[in-house]
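Please study the structure shown below before attempting the exercises. Each task is followed by a worked solution.

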Amino acid sequence: TDQINLTMQSPPVAIASPDVTICSGQSTTLSGSGGTQYAWSPNGSTGSSINVSPASTSSYILTVTDQYGCQDLDTVTVTVNPLPSVNAGPDQAVCNGSTVALQASGATTYTWTPGGSSNANYIVTPANTSTYVLTGTNSMGCINHDTVNVVVNQSPTVNLPPTFICQGFTATLNAGNPGSTYQWSTGENTQTISVADSGVYSVVVIGSNGCASSSSTMVTVGG
């Protein structure tokens with residue numbers, strides 16, 4: 001007679017990371033335990049932990065092997081949530097000193113930089129051409145960005161000085177800013193006008209960029 005002893009080893013227990021949720025474009029680290037050798041599917045990694053960046057919701061199977069060659073499996077699912085389609089609106093142009101409304105869409109909550117406003121409708125009065133960054137967050141906590149440029153056009157500088165003329169003479173009022181459009185209180189639309197009477201004369205000058213300025217002056221006729 002003879003005998004042989006058989007020792008039954010307990011199989012390994014594969015333990016993979018809990019299911020996880022990420023936003024599109026993010027990565028996450030999955031870890032495993034329970035064996036001496038590891039194999040991840042579908043990417044084929046043999047480390048106890050892996051870094052993954054799935055484009056869409058994916059499941060990863062962990063196979064663990066112990067020193068006796070026994071195996072066990074566990075599965076972890078990585079859910080990928082989409083980013084919000086954040087839209088800060090089209091670029092805009094304003095005249096200096098004017099306000100402009102920036103309108104956000106595509107997310108649940110917003111933050112504008114600079115300024116820090118959390119309103120979807122953001123009223124700004126930039127002193128110079130500026131870029132505003134919109135950060136939007138959706139209901140799943142995913143974040144995306146968009147930018148909008150606000151070009152600030154300068155208004156023409158118009159200054160009509162007080163004018164004194166002698167009886168029987170004329171004075172020339174010059175609104176400057178060649179190439180602009182002119183609207184005088186006399187109804188004329190030229191850069192300069194000639195006046196011979198006392199009174200208040202005013203002009204509105206509209207530059208080629210559409211920005212306008214005005215000025216007025218008193219003309220006094222002496223004896």
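The exercises below concern a predicted model.

**Exercise 1.** Determine whether serine 59 is buried, partly exposed or exposed, and describe its surroundings.

*Solution.* Begin with the location: serine 59 lies in strand β6, which covers residues 58-65. Next, consider accessibility. The relative accessibility of serine 59 is 42%, so this residue counts as partly exposed, because that class lies between the limits of under 20% for buried and over 50% for exposed. Then list the contacts: beyond its neighbours within four places in sequence, serine 59 touches Ser41, Pro42, Thr75, Val76 and Thr77. With threonine 77 there is a polar contact between the two side chains, at 3.2 Å.

**Exercise 2.** Establish how the side chains of strand β5 are arranged and how this strand is joined to β3.

*Solution.* First, follow residues 49-52 of β5, where the side chains alternate. Ile50 and Val52 point to one face and are buried, whereas Ser49 and Asn51 point to the other and are not. Second, examine the pairing: β3 (residues 28-33) and β5 run antiparallel and are joined by four bridges. Finally, identify a pair of partners: threonine 29 is bridged to asparagine 51 of β5.

**Exercise 3.** Identify which members of the largest nonpolar core touch the most other members, and which strand gives the most to this core.

*Solution.* The core has 16 residues, and Leu102, Trp112, Tyr132 and Leu134 touch the most other members. Strands β9, β10, β11, β12 and β13 each supply at least two residues of this core. The most come from β13, which gives three. A second, separate core has 15 residues, including Val195 and Tyr201.

Terms used
Residues numbered from 1 in each chain as written. Predicted model: local features only at pLDDT ≥ 70, side-chain atom pairs only at ≥ 80, totals over all residues. Heavy atoms only, no water. Buried < 20%, exposed > 50% of the residue type's maximum accessible area, 1.4 Å probe, protein only. Contact = heavy atoms within 4.5 Å. Polar contact = N/O pair within 3.5 Å; in protein donor to acceptor, adjacent residues only side chain to side chain. Pairing = 2+ DSSP bridges. Core = buried A, V, L, I, M, F, W, Y, C linked by side-chain atoms within 4.5 Å.
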